[in-house]
Amino acid sequence: MDPKWYKELFENMGIEYEDYPFTKDTETEVAWMVKEYLTSPEMKILDVGCGTGRHAINLATKGYKNITGIDLSPGMIGAANKVAKEQNVQVDFRVCDARELPFQNEFDAALCLCEGAFSLLENDAENYKVLKAVHQSLKKNGIFILTTLNLFREGKFDPMTCRIETEIEITQKDGQRKTLKCSDRSYTFPELKWVLEQHGFKVISGANPFSKEPIQHGTFEFMVVSTKL
Ligand SMILES: C[S@@+](CC[C@H](N)C(=O)[O-])C[C@H]1O[C@@H](n2cnc3c(N)ncnc32)[C@H](O)[C@@H]1O
């Protein structure tokens, strides 16, 4: 397996990413975040691993004017810019690695949703670099909304790493089909809470995604909301 499988996967995808069923609840997800945490359209918000920009663009359509979306994949950022143009909204989309964010104490909130870099990367040290970079980018008391993979679900996890290997069929830009081996990291809430605390965050909620319900067995992801200390 190429440890950077995620780079190849998303670079070969683009807007077709939004055919996946898990991308279909953007409106509800954004409405929930606006109600609970992103309460003012003046807020400066960073969407980390924004993909096709579905959350960033939806926020912009609601009048949020200070949205930045970053993603490793030029293809995903290209798709995001195209949709933003079609919808006539302004979002600062940039190709950027979430481990190397060029911001210092700038944002009121950061989103990292649906494996936006965090949990995809090749080992714990690389994933933790994302937390460090997000922390550096946020203002003091800035909000960090993260969803990540739930270890308490069906799957053959490697007990040594809490990772699971899967295969996905992709169509490359030249039309060739390819089987890509993927590996991502799943978490328990207590582990991630501890890790976030070690990176200078105060955890204020652990819940099923976009809700305040306790995390359940079997759900694919859970959500952790924290603030920068
Ligand atoms: C599953 S998509 C999630 C996209 C979006 N957040 C959403 O909710 O639909 C994961 C995204 O993370 C991006 N990504 C992976 N590694 C990254 C990295 N190191 N830095 C920035 N983006 C990364 C991928 O290119 C991809 O667009």
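Two residues are in contact if their C-beta atoms, placed from the backbone, lie within 7 Å. The legends below describe a predicted model.

**Figure 1. Contact between helices H2 and H3.**
On the H2 side, the residues that meet H3 are Thr26, Glu27, Glu29 and Val30. Their partners in H3 are Arg54, His55, Asn58 and Leu59. Sorted by class, the contact of H2 with H3 is made of two nonpolar, three polar and three charged residues.

**Figure 2. Packing geometry of H2 and H3.**
Two packed helices are described by the angle between their axes and the distance between the axes. For H2, which covers residues 26–36, and H3, the angle is about 65 degrees. The two axes lie 10 Å apart. The crossing of H2 and H3 is right-handed.

**Figure 3. The shell around the ligand.**
The ligand is surrounded by 22 residues. Phe10, Gly49, Gly51, Ala98 and Cys114 are the closest. Three elements each give two or more residues to this shell: helix H1 (5–11), helix H3 (54–61) and strand E2 (66–71). In terms of class, the shell holds 11 nonpolar residues, together with six polar and five charged ones.

**Figure 4. Aspartate 184 and its surroundings.**
Aspartate 184 is located in strand E7, which spans residues 177–185. Is aspartate 184 buried or exposed? A residue is buried if 20 or more other C-beta atoms lie within 10 Å of its own. Aspartate 184 has 20 C-beta neighbours inside 10 Å, so it counts as buried. Leaving aside residues up to four places away in sequence, aspartate 184 touches Glu115, Ser119, Leu120, Leu149, Arg163 and Ile164.

**Figure 5. Aspartate 184 and valine 91.**
Along the chain, aspartate 184 and valine 91 are 93 residues apart. In space, a distance of 29 Å separates their C-alpha atoms.

**Figure 6. The setting of the close-ups: the whole protein.**
The protein has six helices and nine strands. Its radius of gyration is 17 Å, close to the 17 Å that the globule rule gives for 229 residues, so the protein is as compact as a globular protein of that length. Taken along the principal axes, the box filled by the C-alpha atoms is roughly 45 × 40 × 30 Å. Of the 229 residues, 39% count as buried. Among contacts with a separation of 6 or more, 68% are between residues 24 or more positions apart.

How values were computed:
Residues numbered from 1 in each chain as written. Predicted model: local features only at pLDDT ≥ 70, side-chain atom pairs only at ≥ 80, totals over all residues. Helix = DSSP H or I, 4+ residues; strand = E, 2+ residues; numbered from the N terminus. Rg over C-alpha atoms; globule rule 2.2 N^0.38 Å. Buried ≥ 20, exposed ≤ 12 C-beta atoms within 10 Å, placed from the backbone. Near = placed C-beta within 6 Å. Nonpolar A, V, L, I, M, F, W, Y, C, P; charged D, E, K, R; others polar. Axes fitted to C-alpha atoms, helices over the stretch in contact; angles between N-to-C directions. Left-handed = near helix turned anticlockwise from the far one by under 90°.
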